[in-house]
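Biologist: I would like to learn how to read helix packing and a metal site in a model like this one. Could you walk me through it?

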Amino acid sequence: MARKIIIDTDPGIDDALAIFYALAAPELEILGLTTVFGNGSTQMSTANALHLLEIAGRTDIPVAHGAERPMGMAFQGGAPQVHGADAQGNLFLPAPAGKPVSMHAAQFIIDQVMAAPGEITLVPLAPLTNIALAFLLKPDLPQYIREIVLMGGAAFVPGNITPAAEANIWNDPEAADIVFGADCNIVMIGLDVTEHLFLPGSRLEQFASLGNPRADHLARILPCYRDFHVRQLGLDGIHVHDSSTISYLLRPDLFTLEGHPVRVELTGLGRGKTWPAVGRSDVESAWAGRRPIQIAVKVDADAALALEWEHHSRTLGR
Ligand code: BDR
Ligand code: CA
C-alpha cells in the first residue's frame, strides 16, 4: 500500500522538483498540498501549487491555502533572488484554472490525520507555521501522525540565510520550536545533507530532453535557481534541498541519522539556529523532556541523485 503523505510547501523551484519527484513515485500517495509563505507570499505558493498539479495532470489532489505570516514577526518578503519574483523562475504564468479548498491548511492537516490516525506522514518543505498552528489547534495531534519528514535546519553546519540559520527555520523560528518539541517521530533533513546533494549544470540541461510536461516545466524554471548558485555560491549547479525528503521516504537506507533533542534559537544574531543537544550536556534544561529528533548527518549522494533523476524521467501513468 502506498504511504500517505501531505506536502506542506512554498513552491519554490526546489519544491517543484520535490513535488514532481513524489508524484512520480507509486510508493507515495499525496493526499494534499498545503501552502505557506516562504519563497514568496502564501498567495503565490497557492497559485504555484495549483499550477504544478495542473502541469502534472493531477488536479484531483487538493491544495489548502495556509498561514500568511510567521508567528512572531512580519512576512520577511520571500526569496526573489533565488526562486524568481513569482517563485517559479520569473515565468509569470497566467492564473491557474483551479482553486484551493475552502479550508485553512492547518485544519486540512488535522482532518486528514484524524481520518487516518497513525497513517499519515507530513512532509514540510517550508516554514513550519501550518504544522505548528495545527498542533496549537489540536494539541494531541502529534500522537496521530505517523512521522514528520521535514526539509529544514542546519545542525552541525552553517546556515544558508545567516551564518546560524537555514531559510525555512529562519522564516518562522517560533513555529519551528513548537514543532521540534512535539511528541512524534521527526526526521530533520537539513543542510547537513542537502548541501551534499548537488545536481551539476550539465545535468540540469538534460531536463529539456526528458520529454514529459513536468520535466519541461523544470527545464524552464531551473536556470533561475542555477544562476543564483553561480552568482552567490560560485557553484554551477543546484542543491536539491526539498527533494531530499522524498529520497529519504523512498530509500531511508541512503541516509545516516543521529537522534538529539533540538531547540530553535529565537533571539539575537542566532535567531533560527537549530540547536541539537550534544556535547557537554550537563546544563541542558531547555532541551529536557523533548524527544530526540532524527537528524540526517550523512547521505549516499550519488544514489539519492540517481534515484531522483530516474523519477523525473518517468511518464506518469495512473
Ligand atoms: C529551503 O529554503 C527554500 O528557499 C527552499 O525551497 C528550501 O525549502 C532551503 O534552505
Ligand atoms: Ca521550500
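Modeller: Happy to. Let's start with a pair of helices: α1 passes α10 in a left-handed crossing. Keep in mind that this is a predicted model.

Biologist: How is such a pair described, and at what angle do the axes of α1 and α10 cross?

Modeller: Two packed helices are described by the angle between their axes and the distance between the axes. Here the axes of α1 and α10 cross at roughly 155 degrees and come within 9 Å. Angles over 145 degrees count as roughly antiparallel, so α1 is roughly antiparallel to α10.

Biologist: Which residues make the contact between α1 and α10?

Modeller: On the α1 side they are I13, D14, A16, L17 and F20. From α10 come R214, H217, L218, I221, L222, C224 and Y225.

Biologist: And how does α1 cross α2?

Modeller: Their axes come within 11 Å and cross at roughly 40 degrees, which makes α1 oblique to α2. This crossing is right-handed. In α1, the residues A16, I19, F20 and L23 meet L52, L53, I55 and A56 of α2. Notice A16 and F20: both also belong to the contact with α10.

Biologist: Now the metal. Which protein atoms are donors of the calcium ion (ligand 2)?

Modeller: The side chains of D10, D15 and D242 give OD atoms, with D15 listed twice, and L125 gives its O. These donors lie 2.3 to 2.5 Å from the ion. Along the chain they follow the spacing D-x4-D-x109-L-x116-D. One pair links distant parts of the chain: D10, in the loop between β1 and α1, and L125, in the loop between β4 and α5, are 115 residues apart.

Biologist: Are D10 and L125 buried or exposed?

Modeller: Buried means under 20% relative accessible area. D10 has 1% relative accessibility, so D10 counts as buried. L125 is also at 1% and therefore counts as buried.

Biologist: Can a whole helix be read that way? How many residues of α11 are buried?

Modeller: Eight of its eight, so to speak a mostly covered helix. They run from S243 and S244 through T245, I246, S247 and Y248 to L249 and L250.

Biologist: What about α12: what span does it reach, and what covers its buried residues?

Modeller: Helix α12, residues 301–312, reaches 17 Å from its first C-alpha to its last, close to the 16 Å expected. Its buried residues include A301, L305 and W309. Among the elements covering them are α1, α10 and α11, along with β7, α9 and β12.

Technical notes
Residues numbered from 1 in each chain as written. Chains lettered and ligands numbered in written order. Predicted model: local features only at pLDDT ≥ 70, side-chain atom pairs only at ≥ 80, totals over all residues. Heavy atoms only, no water. Donors = N, O, S within 2.8 Å, 3.2 Å for Na, K, Ca; no water. Helix = DSSP H or I, 4+ residues; strand = E, 2+ residues; numbered from the N terminus. Buried < 20%, exposed > 50% of the residue type's maximum accessible area, 1.4 Å probe, protein only. Expected span 1.5 Å × (residues − 1). Contact = heavy atoms within 4.5 Å. Axes fitted to C-alpha atoms, helices over the stretch in contact; angles between N-to-C directions. Parallel < 35°, antiparallel > 145°, perpendicular 65-115°, else oblique. Left-handed = near helix turned anticlockwise from the far one by under 90°.
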